[in-house]
Amino acid sequence: MKYLLSLLLALCFQIAFAQHKYTISGSVRDAKTGESMIGVMVSVKELPQIGVTTNSYGFYSLSLKEGQYTFRYRFTGNNEKDTTIQLQKNITLNIELEEKVQQLDEVVVAAEAADKNVTSSQMSVEKINMKEIASIPVFLGEKDIFKTIQLLPGIKGVSEANTSFYVRGGGADQNLILLDEATVYNPAHLLGFFSIFNSDAIKDVTIYKGGIPAEYGGRISSAIDVKMNDGNNKKFTATGGVGLIASRLTLEGPIVKNKGSFIISGRRTYADLFLKLFGPANLKNTSLYFYDLNIKANYQLGKRDRIYLSGYFGRDVLGLNNNSNRSTSTNWGNTTGTFRWNHLFSDKLFLNSSFIFSDYAYNIALGSGDAQFTITSGIRDFSIKEDFQYYINQKHTVKFGVSSIYHTFIPGEVTTGTASSTGRTPLNRTIERKHTLESGIYISDNYTLTKRLTINYGIRYSLFNALGPGTVYSYDAGGNIIDSSIYSNNQNIKTYMGFEPRLSFVFILNSSSSIKGSYNRIYQYMHLLSNTTSSTPVDLWIPCSQIVKPQIGDQVALGYFKNLHNNMFETSVEVYYKYMQNQIDYKDGADLRFNTTVESQLYFGQGWAYGAEFLVRKKYGKLTGWVGYTLSRTLRQFDSINHGNMYPAKQDIINSISVVGIYQLSKKITLSATWVYNTGFAVTFPSGKYTINGQVYNLYTERNGYRMPAYHRMDVGLTWQRKKTEKFESSWNFSIYNVYARENAYSITFQQDPNDPTKSQAVQLSLFRFVPAITYNFKF
C-alpha cells in the first residue's frame, strides 16, 4: 500500500508540472475500412525522442509546450503521414492512414512501427500479422493464428497438429486467452486440430511471454490478447473461402457511414454432409462438424463516446447413430459476449468500461429415449472491468483499473431418461457447483526517464474468495476423508490474496540496438485437470480451495535487440528464468472424472523453467520470414513423486527450431514453406516387467525418464492471386502438410509380444503423413 501511495504522489507531482502544456489527441483509423489502428507510432519531428503509440482503440495523446510541431504517423504497410500544427491550445486531430501500394521488391509483413522491437520498453512480446497468416501453410489449409504462434521462439505445441501450446515451460492451463476481453477456456475445435479463431474476423493478436503488463492477471505463463475486427464503416464488403474441410463467410459494413459499423463472420465444417451423401449406410446419421459465429457492432455516440457489442458462439458436434439405442452424442463449445463503452473524460484521460460474459460447456449423451443418460460440465463467468489510460505528459503514460469476475464451476451433472410407462424413476446426480470471486486492482506507469532509458513499472493486487454453498472435505495423508464442513450460500470458504509487481525497461544503445529486462509475479487461482497427452473437451477446471492453493509464477528475463539494414532485419536474444509454486500432478491411477473428492487425487509441488530464445526476422523484400531457436529446460519437484527428486516436466522440450519463409515470386504468385524441429516430449515408459501369481505387470521407475522420438516436419504452400480489382478479389491457396511424410509419434504404447510373452512390443501411433489441401478465397 505504501508503494501505491508513493506512486500516486509522484504522479500528482508530474501533473502539477504538466498544466502549462497543450495536448494534441485523437484517433487513427484505416482510410479504406475505418478500422481503428492499434500500435501506430505518433512521433514529433522536432523532438525525435518524444513519441507515443495508439492504444487498443486507436487513441493517442501527446502533451507539449506551446510551439509549432510536425507530427508523423507511422505504421508499417501504410503511407506515413506528416501534419504540421501550431500548438497554442488543446487540439483534437483524427487521422486516416492509406494502405501503401507495395512494389514487388518492397513487400512488408510487419504490423507495427518498424523499430518498435528496439525502442519499446516491452519485451517478450509478439504481434501476429493477419496478412502473413494467410500465406503460411497449415493443416488442411485452414489458416490459424494458434498454429502460427507455435512457430515463434518459446512457444511449443502440445502435440501433432494441435492448437494447444506451452509458453516458456508453463502448462497449457497457464495461458490467459482473451477474445475481446472475454476469457476463452477451450480454444480448440475437433479435439485440438483447429482453433476457434476465424482469422477473417480477427484484427489483432498480441502474445506476452514475459514482462506481462499489470492489466493482465490470472495466468502465470502468458497472455494472448485477441481482438476482433470492428467492421468496415465506409462500405459493405463480403469475404469468404471454400476449403476441403470448411467454408467461411464474413459480411461487414456501416451502420451509419463513418459513425458505426458491424461485422458478422461464420465458419462451418461439412464432413457430416459428405457422410450423408456418400458414406456407408450405418454412418449416414452421423454428425461430425463444428461452427463459429463472430458478431460485432460499434457506434460513436458523440465526440467522446463510442460503444461496442461483440459476441462469439461456437460448437463442436460429434454424434454416432447406428439406428439402434447405442447412439452417442458429444458436443462442446464456447459462448462469449462483451459490451464496452469508451469514454474520453479529457484529451488526456481515456476510459474503457467492460461487461463480459464467458461460458464453456460440454455435454455427452449415451443411448436414447428412457435409456439415455447425459453428462454435463463446464465453467461460466460474469465480469466487469474499468480500465483507465492517463497521458500525463510526454514522459508518463499511466494505466490503472479494477476488475472482478464471478466464476461458476460445474464439475459434473448426470441425468438419465424421464419417467415412463416402465415406472422407472430418473436418476440425477450432481457434483456440487463451486462459486468463486476473483478481483484485481492495478496501476502502471510507462516512464521515459532519459533519451536512452524507459521503464514500465507497476503493481497489481489480486484477491480470491471461494464462496458457498458447498461441502468442504478434509483428508488424511492417504487421501481418505476424515472430516467435512458445510457452508451456506455466499459464505466465505477461503481467501487468497497477493501483490503482483511488474517491471520492464529498455536501455537504447544506439538507433538500432537496445538492452531490455523484465520481472513479473502473477497469481493463478484455478487449475486444469487433464491426464491425456493433449487437451480434450472433458478436461476439468477446478478453483483454489482449502486444499488447492494458487499457482504463483515469478519470471525474470533479459534480452538484446538489434535491427539491421534500415530495420529490414530484426534480431534478438532473450534469456529467462521462471519459478512456479503450487504446481499439481496426479497420483498413480488418479480418478479425475466425476469425482466429488478429486482434490484427494492430487500432489502439490514446484517447478522451474529456464532457457534462451534466438530470433532472426526479415520484414521487407521479396523473401520474408524468420528463423527461431529455443534452448530450454522445464523441471518439476514433488515430495511424493520420483522419490522427491527433480524430474523433467512433460513439456520439457530441450531444443526447438522453426523456419518460416514467404517468397513473392510475382504479383500473382506467393510461395511459402515452414520447417519445425523439436526434441521429443518427456514421458514415462516401463523400464521392465515383473510377475505376480502368473500375471505380468510393467515396472515403472523414474517419472518422465524417457523421451518420445524427435519431431520434425515441413509444410509448403502456394497462393495464386487469380483476380484483383476494386470490386472483386479472388485467390487459390494450395498447401501440403508434412510434405516429406515424416511419421511423427503421437503416442507410444506397450503390448505383450504374441510370439514371446516375456517380451514387450512398443507400438507407435502416427496421425498424419502427407496431407494436401486447397482453398478458394474471395472478397467483394
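Here are some notes on the strands, aromatic contacts and charged pairs of this predicted model.

1. Start with the small open sheet. Four strands make it up, running β3-β2-β5-β6 in order, with antiparallel pairing. The edge positions go to β3 (47-53) and β6 (81-87); each has a single partner strand, so one side of each is left without a neighbour in the sheet. If you care about twist, neighbouring strands here are turned by 25° against each other on average, direction ignored.

2. Within that sheet, have a look at the contact between β2 and β3. Strand β2 covers residues 41-44 and pairs with β3 in the antiparallel sense, over four bridges. For a concrete register marker, take Val44, which stands opposite Leu47 in β3.

3. Further along the chain, strand β38 is a good one to trace, with a partner on record for residues 569-586 and another for residues 623-637. With β37 (residues 569-586), β38 (residues 602-618) pairs in the antiparallel sense over 16 bridges. Ile584 faces Phe604 of β38 in that pairing, standing opposite it. With β39 (residues 623-637), the pairing of β38 is also antiparallel and runs over 13 bridges. Here Gln606 has Gln637 in β39 as its bridge partner.

4. Which residue takes a positive phi in the hairpin of β38 and β39? That would be Gly621, with phi near 100°, in a hairpin that has four residues between the strands.

5. There is another hairpin to check, made by β44 and β45 with two residues between them. Its turn holds Asn693, which has a positive phi of about 50°. The strands themselves, β44 (residues 688-692) and β45 (residues 695-699), pair in the antiparallel sense over five bridges. Tyr690 stands opposite Tyr697 in β45, if you want a handle on the register.

6. On to the rings: the count of aromatic pairs comes to 37. One of them is Phe236 with Phe262, and their ring centres are 6.2 Å apart with the planes at 55°, so the pair is tilted. This pair links distant parts of the chain, 26 residues apart: Phe236 sits in the loop between β17 (222-228) and β18 (237-243), while Phe262 belongs to strand β20 (residues 260-269).

7. How do those two rings compare in exposure? Phe236 has a relative accessible area of 59%, so Phe236 counts as exposed. Phe262 has a relative accessible area of 23%, so Phe262 falls in the partly exposed class.

8. There is an aromatic cluster to pull up in your viewer as well. Its members are Phe139, Phe193, Phe194, Phe290, Tyr737 and Phe768.

9. For anyone who likes charges over rings, here are a couple of cases. Arg268 lies over the face of Tyr289, 4.0 Å from the ring centre. Arg617 puts its charged end over the ring of Trp626, at 5.1 Å from the centre.

10. Now the salt bridges, of which the structure holds 34. Lys209 and Glu613 meet through their side chains at 3.0 Å, N to O. Lys209 lies in the loop between β16 (202-208) and β17, and Glu613 lies in strand β38, so the pair ties together parts that are 404 residues apart in sequence.

11. Are the two ends of that bridge buried or exposed? Lys209 is buried, at a relative accessible area of 1%. Glu613 counts as buried too, at 3% relative accessibility.

12. Asp225 and Lys227 form a salt bridge between their side chains, 3.3 Å from N to O. Asp225 has 7% relative accessibility and counts as buried. Lys227, at 9% relative accessibility, counts as buried as well.

13. Arg713 and Asp715 make a salt bridge in which the closest N and O atoms are 2.9 Å apart. Both residues are buried.

14. Last, a salt-bridge network. Which residues does it link? Glu35, Asp180, Glu181, Lys203, Asp230, Lys296, Arg340, Lys385 and Asp387 are the ones joined up in it.

Conventions
Residues numbered from 1 in each chain as written. Predicted model: local features only at pLDDT ≥ 70, side-chain atom pairs only at ≥ 80, totals over all residues. Heavy atoms only, no water. Pairing = 2+ DSSP bridges. Axes fitted to C-alpha atoms, helices over the stretch in contact; angles between N-to-C directions. Phe/Tyr/Trp six-rings, centres within 6.5 Å; stacked < 30°, edge-to-face > 60°. Buried < 20%, exposed > 50% of the residue type's maximum accessible area, 1.4 Å probe, protein only. Lys NZ or Arg CZ within 6 Å of the ring centre and 35° of its normal. Salt bridge = Lys/Arg side-chain N within 4 Å of Asp/Glu carboxyl O.
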